[in-house]
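Work through these short exercises with the model on screen. Each task is followed by its solution.

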Amino acid sequence: MEFHAFKSFGEMSAAAALAVAGTLREKPDCVLGLATGSSPVGTYDELVRMHHEEGLSFARCTTVNLDEYLGLAGTHPQSYRFFMEKHLFSRVDVRRDATFVPDGTAADPAAECAAYDARLARLGGTDLQLLGIGPDGHVGFNEPDDVFTPQTHVVDLAPSTIEANSRFFASETDVPRKAITMGMKGILLARKIVLVASGAAKRAKIDAAFSGPVTPRLPASILQLHRDVTVFWSET
Ligand code: F6R
């Protein structure tokens, strides 16, 4: 694992964006695995800047997101499809039919999960997977558990995740209790993993994940098994 520490969120985001842009420039038809949440927002802003000022193009890439709340349509302002539209897709030249986010309103969520994995397999995994890390060490929405779940699956969100994500909703009771998340196999299929995080609490989780045992109780610890992980962390 490579670890890069920065003073500010802006510097951290610029460095992470350079890594993503590197993959896009090397392989314009790459598959990008994308994340939502506060951590990658600056990375997306910087990628948008590069698109406008440096001609960085997303026109030939495919994007596959990590997760989506179960029950939220893509038009819901707190859905992850909506987030991606707002922070990236509507601001660059990506083809909408090449952007994939799990469908939170699928009539058969299990079938949606299976289809998501089948698509990921057809794509050959992602060339680069962008990740954040949750307060409980989750990646995607793979919450602490007795086992690692390889496949895309429906998950019960941990109380700490519901609480952490309530800042985006009117109240904690509005936060969906379940989500669809890419599983650990999908995440580890990535050729390169870039994890972005800020603040002292995330730093402690990252340290524990990469220096302690690999355990499903700290889901990010499985990233120790991947050969190309770069962590970009900032103090603020
Ligand atoms: C989001 C996701 C989550 C977040 C994590 C950190 O797609 O998969 O694992 O990356 O909850 O969220 P923030 O960055 O908001 O602290």
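A polar contact is a pair of N or O atoms within 3.5 Å. Keep in mind that this is a predicted model.

**Exercise 1. Find how a polar side-chain atom of H138 lies relative to the ligand.**

Step 1. Pick a polar side-chain atom of H138 and an oxygen atom of the ligand; they lie 2.7 Å apart.
Step 2. Apply the cut-off: a pair of N or O atoms within 3.5 Å is a polar contact.

**Exercise 2. Find how S38 and R167 approach the ligand.**

Step 1. Take S38. Here a backbone N or O atom is 2.8 Å from a ligand oxygen.
Step 2. Take R167. Its side chain places an N or O atom 2.9 Å from an oxygen atom of the ligand.
Step 3. Look at the cover. On its own the ligand has 410 Å² of accessible area, and the protein covers 94% of that.

**Exercise 3. Describe the residues around the ligand.**

Step 1. There are 14 of them, and S39, D67, H138, G140 and K202 come nearest.
Step 2. Sort this shell by class: three nonpolar, eight polar and three charged residues.

**Exercise 4. Locate the space taken by the ligand and describe its lining.**

Step 1. The ligand takes up the largest pocket.
Step 2. This pocket holds about 580 Å³ of space.
Step 3. Its lining counts 32 residues, with T36, G37, S38, Y80 and F168 closest to the centre.
Step 4. β4 (67-69), α3 (80-87) and α5 (159-165) each give two or more residues to the lining. α3 gives the most, with five.
Step 5. By class, the lining has 15 nonpolar, 13 polar and four charged residues.

Methods:
Residues are numbered from 1 along each chain as its sequence is written. This is a predicted model: local features need pLDDT of at least 70, side-chain atom pairs count only at pLDDT 80 or more; totals for chains, interfaces and linings use all residues. Side-chain values use heavy atoms; hydrogens and water are left out. On a 1 Å grid over the protein atoms alone, a cavity is a set of points where a 1.4 Å probe fits but cannot get out, and a pocket is an open set with protein on both sides within 12 Å along at least five of seven lines; lining residues have an atom within 4 Å of a point. Grid points are joined across faces, edges and corners, and a volume is the space filled by probe spheres set on the points. Helices (H or I, at least four residues) and strands (E, at least two) are DSSP runs, numbered from the N terminus. Ala, Val, Leu, Ile, Met, Phe, Trp, Tyr, Cys and Pro count as nonpolar, Asp, Glu, Lys and Arg as charged, and the others, Gly among them, as polar. A residue is near a molecule or strand if one of its heavy atoms lies within 4 Å of it. A polar contact is a pair of N or O atoms within 3.5 Å; within protein, one must be able to donate a hydrogen and the other to accept it, and residues adjacent in sequence count only if both atoms are side-chain atoms. Accessible areas come from the Shrake-Rupley method with a 1.4 Å probe; for residues, only the protein chains shown count as cover. A molecule sits in a cavity or pocket if more than half of its atoms lie within 2 Å of its grid points.
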